[in-house]
Amino acid sequence: MRIERAGVLRAAEIAEPSPGRGQVLVRVHACGVCRTDLHLLDGEVDIPRPPIVPGHQIVGTVIARGEATAESEALAVGARVGIPWLGWTCGRCRYCLSGRENLCDQARFTGRDIDGGFAELTVADERYCFPLPENDQEGSAGAPCRPPSNLQVAPLLCAGLIGYRALRMTGDGERLGLYGFGASAHIVAQVAVFEGRRVFAFTRSGDEETQAFARGIGAEWAGGSLERPPEELDAAIIFASAGELVPAALRAVAKGGTVVCAGIHMSDIPSFPYDILWGERTVRSVANLTREDARALLELAPRVPVQTQVTPYALEDAGQALADLRAGRLQGAAVLEVSV
Ligand SMILES: [Zn+2]
Ligand SMILES: [Zn+2]
């Protein structure tokens with residue numbers, strides 16, 4: 001499934017990719033659908049060289065290797081791997097050399113610059129792939145699997161990673177607000193509760209179904225995004241792309257509180273009185289992920305244990321998955337089930 005240009009996602013037959021130096025060829029089992037894919041489709045996030053195969057929460061199996069390099073991680077053929085949004089960085093710039101490869105100006109991203117996982121096969125730089133514990137092949141229909149199934153683990157690779165990075169940026173505040181309770185928030189809420197925090201969930205006004213979903217995952221309060229929570233928050237993460245949530249969240253956090261914007265795109269933020277920023281409140285964004293974030297979350301997730309709620313779609317129904325995500329018609333994460 002390729003994005004040909006803004007607004008156009010189509011099935012296409014393209015040549016099988018072949019792995020170059022330091023790359024692996026991966027058979028895709030599952031690929032999570034992210035709000036970023038929607039922004040790419042809508043032209044809100046630029047695709048430098050369309051057409052592109054989107055999809056950056058890939059779970060697959062290595063089926064071939066390109067020529068090894070000195071830096072190769074030597075992922076064996078047959079290994080189960082996760083492929084995230086961060087697909088390549090220069091390794092030499094000021095950002096890369098200071099533990100901030102997520103900010104590298106030369107970075108290439110899976111599903112934006114590099115063909116991603118809305119496909120049967122994909123190629124990735126093995127240094128940016130993560131080995132995953134072997135799948136027991138029970139799938140999501142049987143008893144709970146351990147390690148998690150391909151479908152269950154896919155949302156960790158962006159929704160989980162970006163959410164986890166955003167959570168780290170909130171410091172150690174106890175009362176955490178989550179604005180937009182979708183794929184990321186449903187994972188972050190579980191990690192936050194595990195860490196002993198109290199979660200307050202904000203959804204579209206009147207979306208009682210999502211509010212009930214949030215409470216079921218451990219939120220002690222859930223309400224509309226412009227409502228005031230029952231007490232002040234220590235921090236808030238905004239996953240929704242609506243700029244008006246920034247002043248709303250600032251009004252909800254206590255002095256010294258942090259508001260983290262976790263999306264790649266947001267509509268303009270309306271002007272707001274200095275009063276609601278005063279008191280050492282902070283507004284910041286989170287951009288992309290580092291490989292260190294991924295290692296940390298993949299190590300933490302089984303200990304929580306994070307249990308993702310997944311709605312599966314066939315590969316050719318990627319457009320429907322994106323439409324359902326846009327309309328808020330699903331709880332948790334949408335995942336394309338590509339092959340067993
Ligand atoms: Zn760099
Ligand atoms: Zn994403």
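Start by selecting Glu-280, which sits in the loop between strand 14 and strand 15. You're looking at a predicted model, so treat this as a tour of computed features. Glu-280 has a phi near 60°, a positive value in a residue other than glycine. Why is that worth a click? Because most residues other than glycine have a negative phi. Is Glu-280 buried or exposed? With 9 C-beta neighbours inside 10 Å, Glu-280 counts as exposed, because the cut-off for exposed is 12 or fewer.

Now move along to Asn-288, in the loop between strand 15 and helix 7. Here too phi is near 60°, again a positive value in a residue other than glycine. What about its surroundings? Asn-288 has 21 C-beta neighbours inside 10 Å and so counts as buried; the cut-off for buried is 20 or more.

**The two domains**

Colour residues 2-157 and 289-337 as domain 1, then give 159-285 another colour as domain 2. The centres of the two domains, taken over C-alpha atoms, are 25 Å apart. Where they meet, 25 residues of domain 1 are in contact with 20 residues of domain 2. Which helices of domain 1 each supply at least two residues to the side that touches domain 2? Select helix 1 (35-42) and helix 7 (291-300) to see them. Helix 7 gives the most to that side, with four residues. Try colouring this side of domain 1 by residue type: you should get 14 nonpolar, eight polar and three charged residues.

**Two helices crossing**

Keep helix 7 on screen and add helix 3, residues 159-168. Their axes come within 9 Å and cross at roughly 100°. That angle makes helix 3 roughly perpendicular to helix 7, because angles of 65 to 115 degrees count that way. Show the side chains at the contact: Gly-160, Leu-161, Tyr-164 and Arg-165 come from helix 3, while Asp-293, Ala-294 and Leu-297 come from helix 7. Sorted by type, the residues of this contact are four nonpolar, one polar and two charged. As you look at the spacing, remember that an α-helix has 3.6 residues a turn, so residues three or four places apart point the same way.

**A covered helix**

Next, select helix 6, residues 245-252. How many of its eight residues are buried? Six are, which leaves helix 6 mostly covered. Click through them: Leu-245, Val-246, Ala-248, Ala-249, Leu-250 and Ala-252. To see what these buried residues pack against, switch on strand 10 (175-179), strand 13 (233-238), strand 14 (253-261) and strand 15 (282-285).

**Two cis prolines**

Time for a couple of peptide bonds. Most peptide bonds are trans, but the one from Pro-50 to Pro-51 is cis, with omega near 0°. You'll find Pro-51 in the loop between helix 1 and strand 4 (58-65). Then jump to the bond from Val-304 to Pro-305, which is also cis, with omega near -20°. Pro-305 belongs to the loop between helix 7 and strand 16 (310-314).

**Last stop: a hairpin**

Finish with strand 1 (residues 2-5) and strand 2 (residues 8-10), which pair in the antiparallel sense over three bridges. Which residue of strand 2 stands opposite Arg-5? Select Val-8 to find out. Two residues lie between the strands of this hairpin, and Gly-7 there takes a positive phi near 90°.

How values were computed
Residues are numbered from 1 along each chain as its sequence is written. Chains are lettered from A and ligands numbered from 1 in the order in which they are written. This is a predicted model: local features need pLDDT of at least 70, side-chain atom pairs count only at pLDDT 80 or more; totals for chains, interfaces and linings use all residues. Two residues are in contact if their C-beta atoms, placed from the backbone, lie within 7 Å. Two strands pair if DSSP finds at least two bridges between them. Domain bounds come from an automatic or database domain assignment. Ala, Val, Leu, Ile, Met, Phe, Trp, Tyr, Cys and Pro count as nonpolar, Asp, Glu, Lys and Arg as charged, and the others, Gly among them, as polar. Axes are lines fitted to C-alpha atoms, for helices over the stretch in contact, and angles run from 0 to 180 degrees between N-to-C directions. Angles under 35 degrees count as roughly parallel, over 145 as roughly antiparallel, 65 to 115 as roughly perpendicular and the rest as oblique.
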